[in-house]
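The following exercises are to be worked with the sequence and the coordinates open side by side. Each task is followed by a solution that proceeds step by step.

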Amino acid sequence: MTTGHETAAAPPAKEGGAAPARPPAGPSDDERRRARLSRRWQRDVRWSPYAFVSPFFLLFLAFGLFPLIYTGWASLHAVELTAPTDMSWVGLRNYTRIFDDDFFWNAAKNTLTIGIISTVPQLLMAMGLAHILNYKLRASTFYRVAMLAPYATSIAAASLVFVLLFGRDYGMINWALNFVGIDNIDWQNDKWASQIAVSTIVIWRWTGYNALIYLAAMQAIPQDLYESAALDGANRWQQFFHVTLPSLRPTILFTVVVSTIGASQLFGEPLLFDANKGASGGAQHQFQTLGLYLYEQGWVNQHLGRASAIAWTMFLILIVIGIVNYVISRRLRASS
Amino acid sequence: MTTTLTPPTPPEQKPGRVRRPKAARAGGTLHAGPIAYLILALFTIGSLFPLVWTAIAASRDNQRLAQNPPPFWFGSGLFDKLEIAWTDANLGEAFINTTFVAGVSAITIVILSTIAGFAFAKLRFKGRNAMMLIVIGTMMVPPQLSVIPLYMMVAKLDWSDQLQAVILPSLVSAFGVFFMRQYLIQALPDELIEAARVDGASSWRVIWHIVFPAARPAMAVLGMLMFVQTWNDFLWPFLVLTQNGNPTVQVAVAGLGRGYTPDQSLIMAGALLGTLPLLVVFAIFGKQIVGGIMQGAVKG
């Protein structure tokens, strides 16, 4: 669609364009009608794109941008859940309060460790799975659908099932571990065990999904690259490391960024992993994430202003992570 | 509000018929050996087992669940437990609510995304690239940020426990716009639009008679993805729909887990009921959804 077509499509209906042939009558009704249509047509071409994108932007303004700014504004005020419209200015006190709170740092640390132990194995396994799925396989669609089934499972359902599987006395996982001589592990109360358990829910839900994304990227790698690598004497492993991995770099980076964002917002899994402890994330806050801490401050302790400050802190951390990712990817690109 | 979906790149074929010619499959020339099948089998079992076991646990009573070894096969109580969970958690109402919320969101997102995606894919207008950048940028904003002002808005409008409070914020999908744009760039030939234009069709007629028909396969995939996402959404519904009435399925199921002596098999029955509709959707349309996600994946 180029603008050049406006003139091609619109008949030459400028007023007076055909007028000399019939001087007394002026432009005929027909010509006027055409001129009107042409003007409407040009208006249409000019403005309708904006009409087409405006619903998204209006909704985004109301439910994306406004909340972003308003949360920042609210983070500078004391606001209580009971009277969310009463705001009194406190400057940066909300921020200093949360930075002084040991539970904030505890939650930040937990978010980081849970993020690492859920994201790293997840993406590594997804990569391996994608590599296998990229072979010629029987019933390949079946594996793909089966691996994606956890993605269709809700956080609530998945968390509740895993609570039972990770039960200390009668859980299936401890029962299986007993076979290899490992004593019962208290998956809910031990710090590392509980974090691993929460991560397991995340890994279970997202590995298949990421595998499909890697698989799509692998299938886009031109076959000749592998052929020439094979001619140079590269074995399967060398082909994987020297052809597959470099070609997947943008995809890998993307999944890392998306998983990082997902991990930083972890909420439902730790909330439901010990439903009775709820927002505290375990009896000793051993798996309280920043998402849970925000919920605890805002909805349990009813300090919405402080919760806003946590939300903005999380946002700023994400921006920093985004910038770091960008810098790393540029370095990688420059070095190759 | 899960934002973990990926921006797509141009589809090579219409989704729903994603079956690339075997020869063109890069890297796909090597046959998988027995070890590959073994690994796949293990992962498949790992993916499906917790789901199957949900049903097994729901079919057993709590005494049996508190014994070693844990049950590996179905007992006789499944349907009784499902019935109790259905009434206890008021799942009937929750199903209607969630279907309504997810349906309205999915349909609206699909229509708005197709129209906006078409504009970004095929129309020239000032500020297009900048706007597209904003769309992509919004995918990075974490949902936690918007939760607090949205909650204040809902409180002010007196919408607590009302479904519109859940629906309205879920109507924005930057992913949807991007997905449709990437699809339409390839799936919709410029000549088709130009021909319609020469015939004097208005933009809306072009959308109705050309864009919608051409985009139908991608619209179906996007609709399913968005339905799954809204159905499973937890954080926001959990915050606004807590007091009384109008729970979504996720909120109702999560509520089953509370209490100091929770009825484990009842919880499992609720979890199973909450997931079952989507698993059925997956069993029927799994291939198309897989194709849609792969089509939406980043390439190069």
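## Exercise 1: a loop residue with positive phi

Task: Locate His285(A) in the secondary structure, and determine whether it is buried or exposed.

Solution: His285(A) sits in the loop between helix H11 (268-273) and helix H12 (290-300) of chain A, where helices are DSSP runs of H or I with at least four residues, numbered from the N terminus. The model is a predicted one, in which local features need pLDDT of at least 70, side-chain atom pairs count only at pLDDT 80 or more, and totals for chains, interfaces and linings use all residues. Residues are numbered from 1 along each chain as its sequence is written, chains are lettered from A and ligands numbered from 1 in the order in which they are written, and side-chain values use heavy atoms, with hydrogens and water left out.

The next step is the backbone: His285(A) is not a glycine, yet its phi is positive, at about 60 degrees. The last step is accessibility, and His285(A) counts as buried because its relative accessibility is 12% (buried means under 20% relative accessible area, exposed over 50%, partly exposed in between, with a 1.4 Å probe and protein chains only).

A second case can be set beside it. Gln302(A), in the loop between H12 and helix H13 (304-335) of chain A, is a residue other than glycine with a positive phi near 70 degrees; its relative accessible area of 27% makes Gln302(A) partly exposed.

## Exercise 2: the interface of the two chains

Task: Describe the contact of chain B with chain A, stating how many residues each chain gives and which salt bridge crosses the interface.

Solution: Begin with the residues in contact (heavy atoms within 4.5 Å), which number 121 from chain B and 107 from chain A. Next take the buried area, which is the accessible area (1.4 Å probe) that two parts lose on being put together, summed over both; for chain B and chain A this is about 10400 Å², with 75% of it on carbon and sulfur atoms.

Then turn to the polar terms. The interface holds one salt bridge, a salt bridge being a side-chain nitrogen of Lys or Arg within 4 Å of a carboxyl oxygen of Asp or Glu. The partners are Arg197(B) and Asp44(A), whose closest N and O atoms are 3.3 Å apart. On the side of chain B that touches chain A, helix H1 (residues 34-58) of chain B gives the most, with 15 residues.

## Exercise 3: aromatic pairs

Task: Which geometry do the pairs Trp206(A) with Tyr209(A) and Trp299(A) with Tyr151(B) have?

Solution: The rule lets rings of Phe, Tyr and Trp (its six-membered ring) pair if their centres lie within 6.5 Å, with planes under 30 degrees apart counted as stacked, over 60 as edge-to-face and the rest as tilted. Over all chains, this gives 41 aromatic pairs. Trp206(A) and Tyr209(A) are edge-to-face, at 5.3 Å centre to centre and 90 degrees between the planes. Both lie in helix H8 (residues 191-219) of chain A, three residues apart, about one turn of the helix, and both are buried.

Trp299(A) and Tyr151(B) also form an edge-to-face pair, with 5.1 Å between centres and 90 degrees between planes. This pair joins two chains, because Trp299(A) lies in helix H12 of chain A and Tyr151(B) in helix H6 (residues 143-157) of chain B. Trp299(A) is buried at a relative accessible area of 11%, and Tyr151(B) is buried at 12%.

## Exercise 4: salt bridges within chain A

Task: Where in chain A do the partners Arg205(A) and Glu269(A) lie, and which residues form a network with Asp30(A)?

Solution: Arg205(A) and Glu269(A) form a salt bridge with closest N and O atoms 4.0 Å apart. Arg205(A) belongs to helix H8 and Glu269(A) to helix H11 of chain A, so the pair ties together parts that are 64 residues apart in sequence; both residues are buried.

For the second part, Asp30(A) is linked with Arg33(A) and Arg34(A) in a network of salt bridges. Within this network, Asp30(A) and Arg34(A) have their closest N and O atoms 3.8 Å apart, and both lie in helix H2 (residues 29-74) of chain A, four residues apart. Asp30(A) is partly exposed, with a relative accessible area of 37%, and Arg34(A) is partly exposed at 37% relative accessibility.
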